[in-house]
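Have a look at the chain below before reading on. The notes after it go through the fold piece by piece.

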Amino acid sequence: MKKALTEIKTPFLITLVFIVICGLFYPLLMTGLGQTLFPHQANGSQVIADGKVIGSSLIGQEFTTPQYMKGRPSAVNYNTYTTKEKEEGIYTGVSSGSQNLAPSNPALQHRVEKAQVAFLKANPTITKSQIPTDLLTASGSGLDPDISPESALVQVPELSKTTGLSESKLKEIVRKNTQNKLLGFLGEKTVNVLSVNIDIAKFLSQNK
């Protein structure tokens, strides 16, 4: 018995040491460094307006009011559902992802055509060929907070009518909220829809 206890003593102590290091010290160290060096990112890149958290710059939202810019379609509806949808079992819980439909799938064609019709109805001055692709297709996560500059600018004429903002002012807002390519050459330029709508909301509240 004594020999057995002696043999398990070392692996037991090693296990205990690594539990303390990996399960306590390391998480505390990473949390401390994150909160000290990158507090905004560590707390979810929260977007605050009027002292309230209204979202995250990393997570898209659905905007249906005519005065606000629209984002991309979402296969998970940006995790937003009505009480009725929850009661009917449509709500499946917080998730991300795409329907992953092949280009040959009729369901994808139907979804794109539906989004196309809705956009043309909301933007009567725009023709079918002027609609950027990302306004008709969902992202891989279904939570994309950004659209292309082209997708933002194509909405400007109708937003000018519904908000009372001039097209030049709206274009200025789009430019302000446009993120350039990483390091100048990686990825594409993007426009954060939530940030644009916050600026539009500020104008609307000032002119009530």
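What follows is a quick tour of this predicted model, from the overall layout down to single residues.

## Overall layout

Let's start with the big pieces. The domain assignment splits the protein into domain 1, residues 1-43, and domain 2, residues 47-207. Taken over C-alpha atoms, the centres of domain 1 and domain 2 sit 43 Å apart.

UniProt, in an unreviewed entry, puts a "transmembrane region" at residues 12-29. In the model, residues 12-29 are 100% helix and 0% strand, and the C-alpha atoms at the two ends of that stretch are 24 Å apart.

## The hairpin of β1 and β2

Next up is a pair of strands, β1 (residues 46-49) and β2 (52-56). They run antiparallel and are joined by four bridges. One pairing to look for is isoleucine 48, whose bridge partner in β2 is valine 53. Two residues lie between the strands of this hairpin, and aspartate 50 takes a positive phi there, near 55 degrees.

In a regular strand, side chains alternate between the two faces of the sheet. You can see two faces in β1: Val47 and Ala49 are on the covered one, while Gln46 and Ile48 are on the uncovered one.

## Past the hairpin: isoleucine 59

Isoleucine 59 is in the loop that links β2 to α3 (83-87). Is this residue buried, exposed or partly exposed? Its relative accessibility is 38%, so isoleucine 59 counts as partly exposed.

Leaving out residues up to four places away in sequence, isoleucine 59 touches Leu143 and Pro145. Serine 45 is 14 residues from isoleucine 59 along the chain, and their C-alpha atoms are separated by 9.2 Å.

## The three-stranded sheet

Further along the chain there is an open sheet of three strands, in the order β3-β5-β4, with antiparallel pairing. The edge strands are β3 (146-147) and β4 (178-179), each pairing on one side only. Strands of a sheet pair through backbone hydrogen bonds.

Zooming in on one of these pairings, β3 and β5 (residues 190-192) are antiparallel over two bridges. Here isoleucine 147 stands opposite valine 191 of β5.

Serine 148 belongs to the loop between β3 and α5 (149-153). With a relative accessible area of 18%, serine 148 falls under the 20% cut-off and therefore counts as buried. Which residues does serine 148 contact, neighbours within four places in sequence aside? They are Pro132, Asp134, Lys189 and Val191. That last one, valine 191, is also the residue opposite isoleucine 147.

## Helix α8 across the strands

Helix α8, residues 193-206, lies across β3 and β5 and runs at about 50 degrees to β5. Valine 193 is part of this helix. With a relative accessible area of 3%, valine 193 is buried.

What does valine 193 touch, not counting residues up to four places away in sequence? Its contacts are Phe63, Met69, Lys70, Gly71, Pro145 and Ile147. Two of these names have come up already: Pro145 is also touched by isoleucine 59, and Ile147 is the residue opposite valine 191. Asparagine 177 is 16 residues from valine 193 in sequence, and the two are 8.3 Å apart in space, C-alpha to C-alpha.

Key
Residues numbered from 1 in each chain as written. Predicted model: local features only at pLDDT ≥ 70, side-chain atom pairs only at ≥ 80, totals over all residues. Heavy atoms only, no water. Pairing = 2+ DSSP bridges. Contact = heavy atoms within 4.5 Å. Axes fitted to C-alpha atoms, helices over the stretch in contact; angles between N-to-C directions. Buried < 20%, exposed > 50% of the residue type's maximum accessible area, 1.4 Å probe, protein only. UniProt positions renumbered as here; feature names shortened; annotations may be inferred. Domains from an automatic or database assignment.
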